[in-house]
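Here is a short report for a reader meeting this structure for the first time. Keep the sequence and the 3D view at hand while reading.

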Amino acid sequence: MDAVDALACAALLAVMVVSVPANALVLACFACSPEIRRQAPALFTLSLALCDLLLSVSSVPLTLAVLIAGRRAPDATGTASGGGGCRALGALETLLSGGAMLSTAALSVDRWLAVVVSPLRYRSRMRRRHAAAALACAWAHAACFSAAAACRSWVGYHRLYASCTLREEDEEDDEETTATGTVRPARAHFATFTVTFHTLTFALSLAVLCVTYRGVLRVARVHCRRIDVITMQTLVLLVDIHPSVRQRCLEEQRRRRRRATRKISTFIGTFVLCFAPYVITRILELWPAVHISQQWGVLCKCLTYSKAACDPFIYSLLRNQYRKTCSDIVNRILKRTSMNSSEWQRSNGPSTVLQPKDSDRAEKERAP
């Protein structure tokens with residue numbers, strides 16, 4: 001094992017350690033919080049977390065085991081394709097990767113509808129059934145490519161990426177194809193399928209992300225300018241305001257302008273950083289004259305897996321509602337009463353008047 005493979009093993013282990021509990025926590029929040037379940041966007045978050053969790057417990061451990069074993073095919077028979085189990089995992093990996101990309105695009109469309117199209121009528125128009133129908137279309141879209149690849153035997157063990165994923169049926173004929181300069185019909189069909197798959201998953205999702213978040217950013221900047229105008233007018237009217245308070249207001253203005261840009265840059269940046277190198281490598285791989293090193297292929301695959309560890313924090317766990325639900329789950333496990341629970345609010349509400357039973361008990365304790 002060389003240094004690159006050792007680095008990839010460490011990265012895959014870190015992805016598993018972070019991704020599995022984080023995505024499981026997202027699913028637990030969805031199961032334990034009625035408020036989260038009532039929201040339509042929670043279904044998109046649930047779909048994304050499910051894809052990431054299944055990838056983290058199926059494809060990531062397999063790639064880690066293959067790298068530790070010296071890139072040998074994960075099959076006892078020693079076949080180049082990795083056997084039936086590897087082909088099944090390759091079809092599952094194709095389904096989950098496409099589902100994760102399309103779920104991310106669905107989340108961006110939901111934000112666009114909520115902020116740009118109809119912010120006042122969003123809750124009345126966007127129902128759970130609409131989100132479920134959109135998810136059904138996304139999963140059917142990804143399932144068509146996965147089923148087509150499985151039927152044509154275009155999934156199996158790929159040595160370049162040390163994983164069970166999309167691969168040409170007869171990779172051992174590549175040298176013959178390069179020497180003759182002609183492209184076999186089977187290779188042309190596989191190339192067409194690969195380009196179509198990445199165009200209708202990665203490229204389509206990226207286009208949707210850019211268009212929707214561009215509209216969201218434009219609306220956010222308009223709102224920031226309006227708030228800035230009101231703030232400056234207020235500061236002009238308050239002549240006797242302390243300079244430190246004025247400076248604090250100006251700093252809050254600058255933070256408000258950067259906040260929306262930072263969030264949207266995180267959404268699009270992580271998507272491009274994690275998926276673009278792998279997709280571009282898969283496209284370049286179709287040309288026989290292009291040589292791609294195994295180290296680069298494994299690093300690209302590790303980047304795609306790292307998206308599963310980033311998504312729970314970007315889209316779910318850092319939001320206030322999910323953080324409150326996580327604290328409730330922890331308190332429930334530790335058998336403590338949470339400050340967010342209805343039981344605590346009933347017993348420690350704003351009212352300070354003693355209940356009848358408590359007042360009677362207090363009088364009895366004061367009596368001789």
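## The largest pocket

This is a predicted model. Its largest pocket is lined by 38 residues. Of these, D110, R111, V115, K263 and R319 lie nearest the pocket's centre. The volume of this pocket is about 1,300 Å³.

Many helices help to build the lining. Helix 2 (34-38), helix 3, helix 4, helix 5 (122-125), helix 8, helix 9, helix 10 and helix 11 each give two or more residues to it. Helix 9 provides the largest share, with seven residues. Sorted by class, the lining holds 20 nonpolar, six polar and 12 charged residues.

## The chain as a whole

What secondary structure does the protein chain contain? The chain has 13 helices and two strands. It is 368 residues long, and 40% of them are buried.

Contacts often link distant stretches of sequence. Take the contacts in the protein chain with a separation of 6 or more: 75% of them join residues 24 or more positions apart.

## Nonpolar cores

In soluble globular proteins, nonpolar side chains tend to be buried together. Here, the largest nonpolar core has 40 residues. F44, F202 and Y213 have the most contacts inside this core. Eight helices appear in the list of those that supply at least two residues each: helix 1 (3-32), helix 3 (41-68), helix 4 (83-117), helix 6 (128-151), helix 8 (185-237), helix 9 (243-284), helix 10 (294-317) and helix 11 (320-333).

A second core is separate from this one. It has 16 residues, including A8, C9, V15 and L67.

Which residues does Y213 touch, leaving aside those up to four places away in sequence? They are S108, R111, I264, F267, I268 and Y315. One of these contacts, R111, is also among the residues nearest the centre of the largest pocket.

## Salt bridges

How many salt bridges does a search of the whole structure find? The search finds five. Three of them are described here.

E93 pairs with K301, and their closest N and O atoms are 2.6 Å apart. E93 lies in helix 4 and K301 in helix 10, so this pair ties together parts that are 208 residues apart in sequence. Is E93 buried or exposed? E93 counts as buried because its relative accessibility is 6%, and the cut-off for buried is under 20%. K301 is buried as well, at 1% relative accessible area.

## Bridges within one helix and at the pocket

K307 forms a salt bridge with D311. The closest N and O atoms of this pair are 2.4 Å apart. Both residues lie in helix 10, with their positions four residues apart in the count, about one turn of the helix. K307 is buried, with a relative accessible area of 2%. D311 is buried too, at 3%.

R111 forms a salt bridge with D110, the closest N and O atoms being 3.1 Å apart. Both residues belong to the group nearest the centre of the largest pocket. How do the two partners stand in terms of burial? R111 counts as partly exposed, at 35% relative accessibility. D110, at 1%, counts as buried.

Definitions and conventions: Residues are numbered from 1 along each chain as its sequence is written. This is a predicted model: local features need pLDDT of at least 70, side-chain atom pairs count only at pLDDT 80 or more; totals for chains, interfaces and linings use all residues. Side-chain values use heavy atoms; hydrogens and water are left out. A nonpolar core is a set of buried Ala, Val, Leu, Ile, Met, Phe, Trp, Tyr and Cys residues joined through side-chain atoms within 4.5 Å. Buried means under 20% relative accessible area, exposed over 50%, partly exposed in between (1.4 Å probe, protein chains only). Contact means heavy atoms within 4.5 Å. On a 1 Å grid over the protein atoms alone, a cavity is a set of points where a 1.4 Å probe fits but cannot get out, and a pocket is an open set with protein on both sides within 12 Å along at least five of seven lines; lining residues have an atom within 4 Å of a point. Grid points are joined across faces, edges and corners, and a volume is the space filled by probe spheres set on the points. Ala, Val, Leu, Ile, Met, Phe, Trp, Tyr, Cys and Pro count as nonpolar, Asp, Glu, Lys and Arg as charged, and the others, Gly among them, as polar. A salt bridge is a side-chain nitrogen of Lys or Arg within 4 Å of a carboxyl oxygen of Asp or Glu.
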